[in-house]
Amino acid sequence: MAVQPLTEWSSGLFSCCDDCSSCCYGFWCCPCLACTVSGAVGENRCLPICDICSPAITASCGLPLCVPPAALAIRVGIRHRYGIKGSLCKDIAVSCFCMWCSWCQMQRELKYRKETLTVINVQTTVVNMQPQPVMMMPANPMPAGVMMAPY
């Protein structure tokens, strides 16, 4: 099996002009955009709420949290699913310092991947590996009209 080469994101982190609808949606209702992206990748739509609530909860326990867990996890998941170049270190930096731009970029990527589907035509050949049935005939067949007694 050949390894597919890694690709770039379909749009840059700050490429809001590429798809104004996603960025406007993200600007006016950032949590709504995050929940939409989360649902689109097959995760629970409420997962991004952890990013909103987790800093307050962990800070109240004395543990500062600066990495939004849902944004980071979904970004890494999208990158791995579509074979996009990058690293965990870059994903952490983007999720920490440009979280809403990251959500917009992920939304644009999902739209791009949905529009550019790759169709693969696979031909299958069926090979029958079982031998053909063989009818067994007795060596000395009974003459016509002769019946054998049951045991």
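**Figure 1. Ala 34 touches Pro 48, Trp 100 and Trp 103, leaving out residues up to four places away in sequence.** The model shown is predicted. Ala 34 sits in helix α2. Its relative accessible area is 2%, so Ala 34 counts as buried; the cut-off for buried is under 20%. Along the chain, Ala 34 and Met 106 are 72 residues apart. Their C-alpha atoms are separated by 9.2 Å.

**Figure 2. Overview of the fold: six helices and zero strands.** Along the sequence the pattern reads α-α-α-α-α-α. The protein has 151 residues, and 28% of them count as buried. Take the contacts between residues at least 6 apart in sequence: 69% of these join residues at least 24 apart. The accessible surface is about 11300 Å². Carbon and sulfur atoms account for 67% of that surface.

**Figure 3. Helix α2 and its buried residues.** Six names belong here: Cys 30, Leu 33, Ala 34, Cys 35, Val 37 and Ser 38 are the buried residues of α2. Ala 34, the residue of Figure 1, is among them. Gly 42 follows the helix. The phi of Gly 42 is positive, near 95°.

**Figure 4. Ser 38, a buried serine of α2.** Is Ser 38 buried or exposed? Its relative accessibility is 0%, so Ser 38 counts as buried. What lies 2.7 Å from a polar atom of its side chain? The partner is the backbone oxygen of Asn 44. Asn 44 also appears in the contact list of Ser 38, which leaves aside neighbours within four places in sequence. The other contacts in that list are Glu 43, Arg 45, Leu 47, Pro 48, Ile 74 and Trp 103. Pro 48 and Trp 103 also touch Ala 34.

**Figure 5. The largest nonpolar core, with 14 residues.** Which members touch the most other members? They are Val 37, Ile 74, Ile 78, Trp 103 and Met 106. Helices α2 (30–40), α4 (69–81) and α6 (99–115) each supply at least two residues of this core. The largest share comes from α6, with five residues.

**Figure 6. Met 106 and its contacts.** Neighbours within four places in sequence are left aside here. Met 106 is then in contact with Trp 9, Val 37, Ala 71, Ile 74, Arg 75 and Ile 78. Of these partners, Val 37, Ile 74 and Ile 78 are named with Met 106 among the core residues that touch the most other members.

**Figure 7. Helix α4, from end to end.** How many residues does α4 have? The helix has 13. From its first C-alpha to its last, α4 reaches 18 Å. That is close to the 18 Å expected at 1.5 Å a residue. Its buried residues are Ala 70, Ala 71, Leu 72, Ile 74, Arg 75, Val 76, Ile 78 and Arg 79. Arg 75 and Arg 79 are thus listed as buried. Gly 83 follows α4, and its phi is positive, near 65°.

**Figure 8. The two sides of helix α5 (residues 88–97).** Asp 91, Val 94 and Ser 95 are buried. These residues cover an arc of only 95° around the axis, which puts them on the same side of α5. Which residues are exposed on the other side? They are Cys 89 and Phe 97.

Methods:
Residues numbered from 1 in each chain as written. Predicted model: local features only at pLDDT ≥ 70, side-chain atom pairs only at ≥ 80, totals over all residues. Heavy atoms only, no water. Buried < 20%, exposed > 50% of the residue type's maximum accessible area, 1.4 Å probe, protein only. Helix = DSSP H or I, 4+ residues; strand = E, 2+ residues; numbered from the N terminus. Arc of directions from axis to C-beta. Core = buried A, V, L, I, M, F, W, Y, C linked by side-chain atoms within 4.5 Å. Contact = heavy atoms within 4.5 Å. Polar contact = N/O pair within 3.5 Å; in protein donor to acceptor, adjacent residues only side chain to side chain. Expected span 1.5 Å × (residues − 1). Areas by Shrake-Rupley, 256 points an atom, 1.4 Å probe, with all protein chains shown as cover.
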